[in-house]
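Dear colleague,

Please find below the structure that I am handing over to you. My findings follow it, and I would be grateful if you read them with the model open.

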Amino acid sequence: MNFSTKKLHDSDNLNEITSRLKGVVKRSNGGYLAFCPSHNDQKGRSLAVSLGRQDQVLMHCFAGCSVHEITQAIGLNPADLFPRTECKYEPQARSYFNDWQIIHALQRDALIVLIAARTMLTGKALPEEDVSCLSNAVIRINDAASYSRRFQ
Ligand SMILES: [Zn+2]
């Protein structure tokens, strides 16, 4: 069987929306027809409602009402047609460093630069591994500068 069981069940979202509509009837394709709340739907059931691939609720008024008008008429907005997990704002989705973390990292890199400078002041050549350590520190300092620029 190729049918996904998920498709056979209505999402909570779809239930929530159909509960706000009048004259809801189920269609053979699994979707619904209802009276469009956005226009005077005397001819009856101009609104087709179904579930999309991403579990978003699809709405189509055959009289031409926009999704915005339809959702507004039932006290919702177009974002409510999407599953709640999909449109949840996740500030931690990308991990930015906070100022404290950046300064803490810079402290360490400043120390590396200082040690390298002192070594060179004594007239000694900087060992190869210390040179790469120093250049990594410089790269991180530049990265930190571009991070903090993003917050301005
Ligand atoms: Zn309509």
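I begin with Ile74, which is located in the loop between α3 (67-73) and α4 (84-87). Please bear in mind throughout that this is a predicted model. Is Ile74 buried, exposed or partly exposed? Its C-beta atom has 17 other C-beta atoms within 10 Å. A buried residue would need 20 or more, and an exposed one would have 12 or fewer, so Ile74 counts as partly exposed.

Which residues does Ile74 touch, apart from its neighbours within four places in sequence? Its contacts are Arg20, Leu21 and Pro37. Ser38 also deserves a look: Ser38 and Ile74 are 36 residues apart along the chain, and their C-alpha atoms are separated by 8.3 Å.

As for the whole protein, there are six helices and four strands. Their order along the sequence is α-α-β-β-β-β-α-α-α-α. Of the 152 residues, 12% are buried. Among contacts with a separation of 6 or more, 42% are between residues 24 or more positions apart.

The strands may be followed in order. Strand β2 (residues 32-35) runs antiparallel to β3, and three bridges join the two. Within this pair, Leu33 of β2 faces Ala48 in β3.

Strand β3 (residues 47-51) also pairs with β4 in the antiparallel sense, over five bridges. Here Leu47 stands opposite Cys61 in β4. The two strands form a hairpin with five residues between them. In the turn, Asp55 has a positive phi of about 65 degrees.

How do the side chains of β3 alternate? Leu47, Val49 and Leu51 point to one face and are buried, while Ala48 and Ser50 point to the other face and are not buried. Strand β4 (residues 57-61) likewise has two faces: Val57, Met59 and Cys61 make up the covered face, and Leu58 and His60 the uncovered one.

Finally, helix α5 (residues 99-121) allows a simple check of length. The helix has 23 residues, and at 1.5 Å a residue it should span 33 Å. The expected span is 1.5 Å times one less than the number of residues. The end C-alpha atoms of α5 are 32 Å apart, which agrees with the expected value. After α5 comes Gly123, whose phi is positive, near 85 degrees.

With kind regards

Technical notes. Residues are numbered from 1 along each chain as its sequence is written. This is a predicted model: local features need pLDDT of at least 70, side-chain atom pairs count only at pLDDT 80 or more; totals for chains, interfaces and linings use all residues. Two residues are in contact if their C-beta atoms, placed from the backbone, lie within 7 Å. Two strands pair if DSSP finds at least two bridges between them.
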